[in-house]
Amino acid sequence: MAEIRTVKKELREKYVEERKNMPEELRAAHDQKIHDRICASITYRHSTEILLYASMKYEIDTWKLFDTAVKAGKKVAFPKTYEDNTMRYFYCSSRDDLELCDNGIYEPKAGLDEYIPSTQSLCIVPAVVFDKEGFRIGYGKGFYDRFLSTFPGVKAGLVYSNMILPRVPRGRFDKHVDIIISERGVVAVNAPR
């Protein structure tokens, strides 16, 4: 297990740096294509609820998707993390429903309605890299793996195509996504169960 953590850490550092070095114009063009591919997908069109993360600098932009989904009448929820390493989603209808927290991430403000699990939900999952079977290297805290273990909807990973690897190291608690969306297209994965 220690070896897997070490390899994941090395891959995470390598690809975060690669993402930081991507030219701004290229990043903007890829982000727009990814946004358009999500919105054109059958999964998105049939989802009534979109679970998003608030993208940070150098991540694929999710703010435009938030605006598009709200305008389309979809319910959108963002995650809030807790000290016990759990994560819960809360519905947000405007950017004013989010606040910058001590962890440097925008999270829902107190008092918002909590997301109720539904098979009509699409969860957009962040990662540094994905592999061809939908497994990911995230930021190493395990919030998403814990959440996804009981999530009943469709799980989608956003990634630049040059950050889809043949295979990433995985542990027994790591969860995969159902589809991978890059600037080159939408791919359903056939991960081992």
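This report walks through a few helices, core residues and loop positions in a predicted model.

Let's start with two helices. Helix α2 covers residues 24-40 and helix α4 covers residues 63-71. Their axes come within 10 Å of each other and cross at roughly 30 degrees. Angles under 35 degrees count as roughly parallel, so α2 is roughly parallel to α4. The crossing of the two is right-handed. Which residues make the contact? On the α2 side they are Q32, H35, I38 and C39, and on the α4 side they are K64, L65 and T68. Sort them by class and you get three nonpolar, three polar and one charged residues.

While we're on α2, have a look at R37, which is found in that helix too. Is R37 buried, exposed or partly exposed? With a relative accessible area of 33%, R37 is partly exposed. Leaving aside neighbours within four places in sequence, R37 is in contact with a run of residues from much further along the numbering: I181, S182, E183, R184, G185 and V186. Take R184 as an example: R37 and R184 are 147 residues apart in sequence, yet 8.7 Å apart in space, going from C-alpha to C-alpha.

Now for the inside of the protein. In soluble globular proteins, nonpolar side chains tend to be buried together. Here, the largest nonpolar core has 53 residues. Which residues have the most contacts inside that core? They are Y89, I124 and F147. If you skip residues up to four places away in sequence, F147 touches L51, M87, Y89, Y115 and C123. So one of the partners of F147 is Y89, itself named among the best-connected core residues.

S121 sits in strand β6, which spans residues 121-125. Its relative accessibility is 1%, and because buried means under 20%, S121 counts as buried. Again not counting residues up to four places away in sequence, S121 touches S47, E49, L51, Y115, F151, G153 and V154. You may spot L51 and Y115 there, which are also touched by F147. As for F151, it lies 30 residues from S121 along the chain, and the C-alpha atoms of the pair are separated by 8.9 Å.

Next come three loop residues, set side by side below.

| Residue | Loop | Relative accessible area |
|---|---|---|
| Y58 | between β1 (49-51) and α4 | 26%, partly exposed |
| N85 | between β2 (75-81) and β3 (87-91) | 36%, partly exposed |
| N162 | between β9 (154-158) and β10 (164-165) | 42%, partly exposed |

Two of these rows have a backbone detail to check. What is phi of Y58? It is near 75 degrees, a positive value in a residue other than glycine. N85 also has a positive phi without being glycine, and there the value is near 65 degrees.

For N162, the detail to check is its surroundings. Setting aside residues up to four places away in sequence, N162 touches Y15 and E18. How far apart are N162 and S41? They are 121 residues apart in sequence, and 21 Å apart in space from C-alpha to C-alpha.

Definitions and conventions. Residues are numbered from 1 along each chain as its sequence is written. This is a predicted model: local features need pLDDT of at least 70, side-chain atom pairs count only at pLDDT 80 or more; totals for chains, interfaces and linings use all residues. Side-chain values use heavy atoms; hydrogens and water are left out. Axes are lines fitted to C-alpha atoms, for helices over the stretch in contact, and angles run from 0 to 180 degrees between N-to-C directions. Helices (H or I, at least four residues) and strands (E, at least two) are DSSP runs, numbered from the N terminus. Angles under 35 degrees count as roughly parallel, over 145 as roughly antiparallel, 65 to 115 as roughly perpendicular and the rest as oblique. A crossing is left-handed if the near helix is turned anticlockwise from the far one by less than a right angle, and right-handed if clockwise. Contact means heavy atoms within 4.5 Å. Ala, Val, Leu, Ile, Met, Phe, Trp, Tyr, Cys and Pro count as nonpolar, Asp, Glu, Lys and Arg as charged, and the others, Gly among them, as polar. A nonpolar core is a set of buried Ala, Val, Leu, Ile, Met, Phe, Trp, Tyr and Cys residues joined through side-chain atoms within 4.5 Å. Buried means under 20% relative accessible area, exposed over 50%, partly exposed in between (1.4 Å probe, protein chains only).
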